[in-house]
Structures are given as C-alpha cells and as structure tokens.
Amino acid sequence: MTAERALRLGTRRSKLAMAQSGHVADAVRQVTGREVELVEITTYGDTSREHLAQIGGTGVFVTALRDALTRGEVDFAVHSLKDLPTAQPEDLTLAAVPVREDPRDVLIARDGLKFTELPDGARVGTGSPRRMAQLNAYARSHGMRIETVPIRGNIDTRIGFVENGELDAVVLAAAGLSRIGRTEEVTDFLSTDIVLPAPGQGALAVECAATNGALAAALAELDDPFTRFAVTAERSLLAALEAGCSAPVGALADLLADGQIVKEMRLRGVVGTTDGSELVQLSTTGPVPTSQDEALALGRELSAEMLAKGAAGLMGERAL
C-alpha cells in the first residue's frame, strides 16, 4: 500500500448515499493513508419511477456499483447493507461491515404526533411492504384505523408529503436521517416491538474485488464483528425464507446482557401480509456467534420455525 493514486470509492448519487460513503472514505483515509475519491454511479433503482416491489427490490441499487467494481472502474463500493441480495458474488468480497447505526424505523408526522396519537384514518406513507404489514397489524390489534400509502423518492421528497399536507406521516429508517443530520425532524422512534426493521437496516457494506487482497485487508480494519454476525443472522433468515427485499420480512439480531455481561444473541423475525391481517412473528435465542457459520445457523433455525408456522404462504404477495 504505497502512496500511489487515490482509491476510487463507488457510490450512489443520492444525498444519503454520498453522506454514507463520505463517512467510509474518511475512515479509509485514516487506515490506509491514501486519498479517496468518490465516483458517483447511477443505479436502476435511482432512475426507475416504479415501486420497489414492482421492479424486484433486490439488487436494483447494487448491480451498477458491482458492475463498476468488476470492470475495475472503482476500487471499492459502499452499499446500504439492506439493499444487498443475500447471495454474495464469488468475484467480490464483503471486506467490512462497520459499526451499525440505529436500526429502528421512525415516524415523521404532522404536528409532532407519535404513531399512537395519529388521527382516525391517518394516511401513512411508506414504500415498504414490511412496514405496511407491521403498522397495519399493530393498528388492527389496537383499534386504530390507518391507511398505508405507497410512496417512493428520496428523504426530502418523502418528508415533503407530510409538509404539504398530502400525508399525515411517513416512515423512514432512523439511520438514514442520522447520517444526513436530520434526526431532529423525527416525531416518534418506533419500538422494535411494533416494527422490526429490514434485515441489515442501519448497517453499511464495504465491498471490493476478491482478487485485491491488500485492499480487502486494509478495509477489514473498519469491520465490526458483532455487527457482521448480527446482520449475517438476519440475512440468513431472509435467504432461508427465500424472500427478496421487496417481501414483507423484518428481522433484528441484538445482544441480551445480564448486567455488564453479554449472555446471548436474540434473533427476531416477522413476515406478514401487507394489510396486517396475518403475521408470523417469532424469536430465537442462542449463544453469541463466534463465527459466520454460527450466525448463519441462527437465521436458518428461526426460518424453519417461521415456515412451520405458515410464513411461506404470506410471502407470495407483492404489494403494488
């Protein structure tokens, strides 16, 4: 790793992606001593106006970045980990999964309202079948009436629907708002008991060519083993349920501590119909994984239990 040309970091062009990639670039400069330049790449998911559930969800924000890596146009790429397909290409390596941001979903509502304070029949915007399923299920079980409205667009566009009165509230990821410095606009942090996040939500993935061992080793300095094992368990559950990211699947792995001593990892999973009428929600707990294989096994174990409870029948649905 001599002081040669700048490393080229491939990133999507959105404000959020640029912010995420900027944080990673700073960290890579520190560990490598090399300059890092951002290379902006437009993906199919950025240009398509269709809803994610219609364009297939999985991979639409990732493929163009991976193609640029494979062609050698960039040296490494930064993705939102929840956008990655569960199968890892052999020619690319997931060099680092840095420390995860807050994985929760949040509400931005008019008049500073919390979710439970929304008016009868409130219109709540989200492009995610997973969020729709869980919000509708919670509303049904608590005597609330809400209407989930499918939306797309960047963070500004989504918040704009509330500001112009078109919607009463929108649901977004806490991590994205934190990375662009807009957490103060959140009116309610949604408990994971109400809405489980997407598998890998709040985490970033740093990817490079499998043949570039020196760069992979340098990027590995950014890796957080606990975050990697947690998202591995979540994505293993997703893969075993054979669901793309457009399916209404939520998952979260977290640590259970007894005082200061971390005892176990808990993995929770949910799948449901987008109207919230049917939900399969289960959890499993095991020793904190010390290897990739143990993390994968935790996800497979929970998926088997969920499938036995009828999860597969809830996932054929596509929210259009």
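Q: Let me start with the terms: a residue is buried under 20% relative accessible area, exposed over 50%, and partly exposed in between. On that scale, which class does threonine 42 belong to?

A: This is a predicted model, so please read each value as computed from predicted coordinates. Threonine 42 has a relative accessible area of 37%, so it is partly exposed. Its place is the loop between strand S2 (36–41) and helix H2 (44–47). From the C-alpha of threonine 42 to that of leucine 65 is 8.3 Å, with their positions 23 residues apart in sequence.

Q: Thanks! Is aspartate 111 buried or exposed?

A: With a relative accessible area of 65%, over the 50% cut-off, aspartate 111 is exposed. You will find this aspartate in the loop between S5 and S6.

Q: What is the phi value of aspartate 111?

A: Phi of aspartate 111 is near 60°, which is positive, in a residue other than glycine.

Q: Now for the chain as a whole. What share of its residues is buried?

A: Of the 320 residues in the protein chain, 54% are buried. The accessible surface comes to about 13600 Å², and carbon and sulfur atoms account for 49% of it. The secondary structure has 10 helices and 13 strands.

Q: How should I look at contacts between residues distant in sequence; what percentage join residues at least 24 apart?

A: Take the contacts between residues at least 6 apart in sequence: 71% of them join residues at least 24 apart. Proline 129 and threonine 274 illustrate a wide separation along the chain, being 145 residues apart in sequence and 5.5 Å apart from C-alpha to C-alpha. Proline 129 belongs to helix H5 (residues 129–141), and its 6% relative accessibility makes it buried.

Q: Another helix, then: which residues does leucine 219 touch?

A: Leaving aside residues up to four places away in sequence, leucine 219 touches Val28, Phe76, Ala95, Ala96, Val206 and Cys208. For Ala96, the C-alpha separation from leucine 219 is 6.0 Å, across 123 residues of chain. Leucine 219 is in helix H8 (residues 213–219), and at 0% relative accessibility this leucine counts as buried.

Q: And in a strand, how accessible is glutamate 147, buried or partly exposed?

A: Glutamate 147 is partly exposed, at 40% relative accessibility. This glutamate sits in strand S7 (residues 146–149). Not counting residues up to four places away in sequence, glutamate 147 touches Gly121, Ala122, Arg123 and Val124. The C-alpha distance from glutamate 147 to alanine 122 is 6.0 Å, and the two are 25 residues apart in sequence.

Q: How do I read the two sides of a strand, and which residues of S8 lie on each?

A: The general idea is that side chains in a regular strand alternate between the two faces of the sheet. In S8, Ala169, Val171 and Ala173 are on one side, with Val170 and Leu172 on the other; all are buried, and both faces are covered.

Q: Why is S8 described as largely enclosed?

A: Because five of the five residues of strand S8 (residues 169–173) are buried, the strand is largely enclosed by the rest of the structure.

Q: In which sense does S5 pair with S8, parallel or antiparallel?

A: Strand S5 (residues 105–109) pairs with S8 in the antiparallel sense, over five bridges. To follow the register, start at aspartate 105, whose bridge partner in S8 is alanine 173. Strand S6 (residues 122–125) runs parallel to S8, and two bridges join them. There, valine 124 stands opposite alanine 169 of S8.

Q: Last topic, pockets. What is the volume of the second largest pocket?

A: As a general idea, rolling a probe the size of a water molecule over the atoms shows where empty space is left. Here, the second largest pocket has a volume of about 270 Å³. Its lining has 13 residues, and Thr86, Leu94, Thr232, Arg235 and Gln292 are the closest to its centre.

Q: Which helix gives the most to that lining, and what classes of residue make it up?

A: H9 gives the most to the lining of the second largest pocket, six residues. Helix H9 (225–240) and helix H10 (292–308) each supply at least two residues there. Sorted by class, the lining has six nonpolar, five polar and two charged residues.

Technical notes: Residues numbered from 1 in each chain as written. Predicted model: local features only at pLDDT ≥ 70, side-chain atom pairs only at ≥ 80, totals over all residues. Heavy atoms only, no water. 1 Å grid on protein atoms, 1.4 Å probe; cavity = no way out; pocket = protein on both sides within 12 Å on 5 of 7 lines; lining within 4 Å. Points joined across faces, edges and corners; volume = space filled by probe spheres on them. Helix = DSSP H or I, 4+ residues; strand = E, 2+ residues; numbered from the N terminus. Nonpolar A, V, L, I, M, F, W, Y, C, P; charged D, E, K, R; others polar. Buried < 20%, exposed > 50% of the residue type's maximum accessible area, 1.4 Å probe, protein only. Pairing = 2+ DSSP bridges. Contact = heavy atoms within 4.5 Å. Areas by Shrake-Rupley, 256 points an atom, 1.4 Å probe, with all protein chains shown as cover.
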